[in-house]
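Student: Please pick one part of this model and go through it closely. Then set it against the rest of the model.

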Amino acid sequence: MPAVIKRIIFFTILILIWQGIFLLGIWPESMIPSPFTVAETIIAGFADMTLVYDILASFRHLLIGLAVSLVIGTLLGVLLAKVKLADETLGTMILALQSVPSIVWVPLAIIWFGFTEASIIFVVVIGGTFVMTMNMRIGIKNVAPIYLKAARTMGSKGMDLFFKVVVPASIPHAVTGVRLAWAFSWRALMAGEMLSTGPGLGYTLSYASDFNNMSLVIGIIIIIGVIGSIVDQLIFQRIENKVLKRWGMEEAA
Amino acid sequence: MYLSVNNVGKSFPRHGEEPLKALETINLPINQGEFISLLGPSGCGKSTLLSIMAGLTEPSSGSVSLENERITEPGPDKSMVFQEPALFPWMSVKENVTFPLRKKLRKKEQESAVAHFLQMVHLSQFAENYPHELSGGMQQRVAIARALAMDSGLLLMDEPFGALDEQTRQVLQDEVEKIWQETKKTIVFVTHSIREAIKLSDRIIIMSARPGTIISDFKVDLERPRQQKDMALLEEDVMAILKKEIESVMKEELQHAGSH
């Protein structure tokens, strides 16, 4: 049986169980709404464009933040890989910062930037930067020595060696870095938006919660999950697989 | 003397132990156009010696000169083929072979040069392919074409066919012999296969292990292309020289294993 059919059956059963629990009526509708009410809420949100605006706003925050974090992450990664002193000092700090959950930065961002888009973008940037840094660092440090030797015997050195061999050789790690940075940024984005003044998916989520609109809360959680997995699987995993194949690093995964 | 190895020694520092002596007082004169094999048991430092000739490794003592100039770094006057093809996977076959030509030639000349070298290794129709799409033997051919593209007089080959199956190996040996005859390059070829050394070389330099020294400079006076029956006799001679070395290495290794 193809995986798609298995998935369809799985989700159908899941929705039926959900509907069954709803019909049992143990919990009030304000806590467990019917899946059909949730679907209606989502459709209505798209019909009156409010959810469309939220999604567009979220993507704008994400793209700006992610772009900035990729640039900073790449530069920091190169710095850590190339300068031992930086690696031994700044590297330890970045490793520590990487383990700080993004929501922790929200209060700090609000004090610095207020309830503005800058706050959200700041949190997104922090969310993506460190994981990109660490991947870029590993990518550059792990360039196969044989590539460097071969390039040197062909007269390549210095800047030429770095840009023509080291950088392209580290692309597989960089691509993984971008994919993880996206995933981390997407999580950070929601944390940032929940404490913002909108628009944005995170903002509407906390707004719906304030007004006890459970079907909208669940609807947005579903949208966040769907967008997250679509972008990851349709865009990033495909790019990653292609790159790994081309770079001859394809593993039986 | 075209290539001259003078009193070269190399030792590697080891943590908390005596430095590991890989090579000791190696002297080796090589004439222009010669095909030289470095043959010896594993650990005899033959690859280290080649790496020093390439300018990739610095000798601890002594020096190597190419046309009376001391070798201190890799450069366009010598090219190298490694045991792994070491092709850049993000570049097509054509781009890989173009790599050493990028700065030397204009675009048009690059194209015709690349076409020429790919033809020499019979890979013209794979110019647009990527390394991962080729077999190991084909990848090694690309590596040879790339080294030829350097257009240097000296070609260093470090067990270039060590990872290939026997059939592919023989085909590539024939091709290298042909390329050597056509281009008149000087080739220094590291191998641990006696037959390979006899088939290809003018001289076989037989080395001992730990520390690596030269124990025999063996001339091969057979007409090319060499016939199996002529080679068989020489094989025994070379084997006799090597046998003692291999036995002593094995004994040492066994003792080493026993003491653990």
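Tutor: Strand 3 (residues 35–39) and strand 9 (residues 203–207) of chain B run parallel and are joined by four bridges. Strands here are DSSP E runs of at least two residues and helices H or I runs of at least four, numbered from the N terminus; strands pair if DSSP finds at least two bridges between them. One residue pair in this match is B:L38, whose bridge partner in strand 9 of chain B is B:I205.

This is a predicted model, in which local features need pLDDT of at least 70 and side-chain atom pairs count only at pLDDT 80 or more, while totals for chains, interfaces and linings use all residues. Residues are numbered from 1 along each chain as its sequence is written, with chains lettered from A and ligands numbered from 1 in the order in which they are written.

The two strands belong to an open sheet of six strands in chain B, with mixed pairing and the order 6-7-8-3-9-10. Strand 6 (78–81) and strand 10 (214–219) of chain B each have a single partner strand, so these edge strands each leave one side without a neighbour in the sheet. From one strand to the next, the twist averages 15 degrees; angles run from 0 to 180 degrees between N-to-C directions, and axes are lines fitted to C-alpha atoms, for helices over the stretch in contact.

Towards one edge of the sheet order, helix 4 (residues 136–149) of chain B lies across strand 6 and strand 7 (154–158) of chain B. The direction of helix 4 is at about 175 degrees to that of strand 6 of chain B. Helix 4 of chain B also packs with helix 3 (residues 107–120) of chain B, at an angle of about 135 degrees and with the axes 9 Å apart. On the helix 3 side of chain B, the contact (C-beta atoms, placed from the backbone, within 7 Å) involves B:A113, B:V114, B:F117, B:L118 and B:M120. The helix 4 residues that they meet are B:A145, B:L148 and B:A149.

Helix 7 (residues 228–259) of chain B contains B:L242, which touches B:I194 and B:I206, leaving out residues up to four places away in sequence. B:L242 counts as buried because it has 21 C-beta neighbours inside 10 Å; the cut-offs are 20 or more for buried and 12 or fewer for exposed, with partly exposed in between. B:L242 and B:A54 are 188 residues apart along the chain, and their C-alpha atoms are separated by 26 Å.

Chain B has another open sheet, of four strands in the order 2-1-4-5, with antiparallel pairing. Its edges are strand 2 (17–30) and strand 5 (69–70) of chain B, each of which pairs on one side only. Further in, strand 1 (residues 3–14) and strand 4 (residues 61–66) of chain B pair antiparallel over five bridges, and B:L3 has B:L66 as its bridge partner in strand 4 of chain B. Helix 1 (residues 46–54) of chain B packs on this sheet and touches strand 1, strand 2 and strand 4 of chain B. The direction of helix 1 makes about 65 degrees with that of strand 2 of chain B.

Chain B is in contact with chain A through 19 residues of chain B and 15 residues of chain A. Chain A has 11 helices and zero strands. Its C-alpha atoms fill a box of roughly 75 × 55 × 30 Å along the principal axes. Of the 253 residues in chain A, 36% are buried. Among contacts in chain A with a separation of 6 or more, 74% link residues 24 or more positions apart.

One helix pair of chain A gives a detailed example. Helix 2 (residues 35–47) and helix 11 (residues 214–246) of chain A cross at roughly 75 degrees, and their axes come within 8 Å. In helix 2 of chain A, the residues involved are A:T37, A:V38, A:T41, A:I42 and A:G45. They meet A:S215, A:L216, A:I218, A:G219 and A:I223 in helix 11 of chain A.

Outside the helices, A:I103 sits in the loop between helix 4 (84–98) and helix 5 (105–113) of chain A. A:I103 counts as partly exposed because it has 16 C-beta neighbours inside 10 Å. From A:I103 to A:Y53, 50 residues apart in sequence, the C-alpha to C-alpha separation is 23 Å.

Notes: Contact = placed C-beta atoms within 7 Å.
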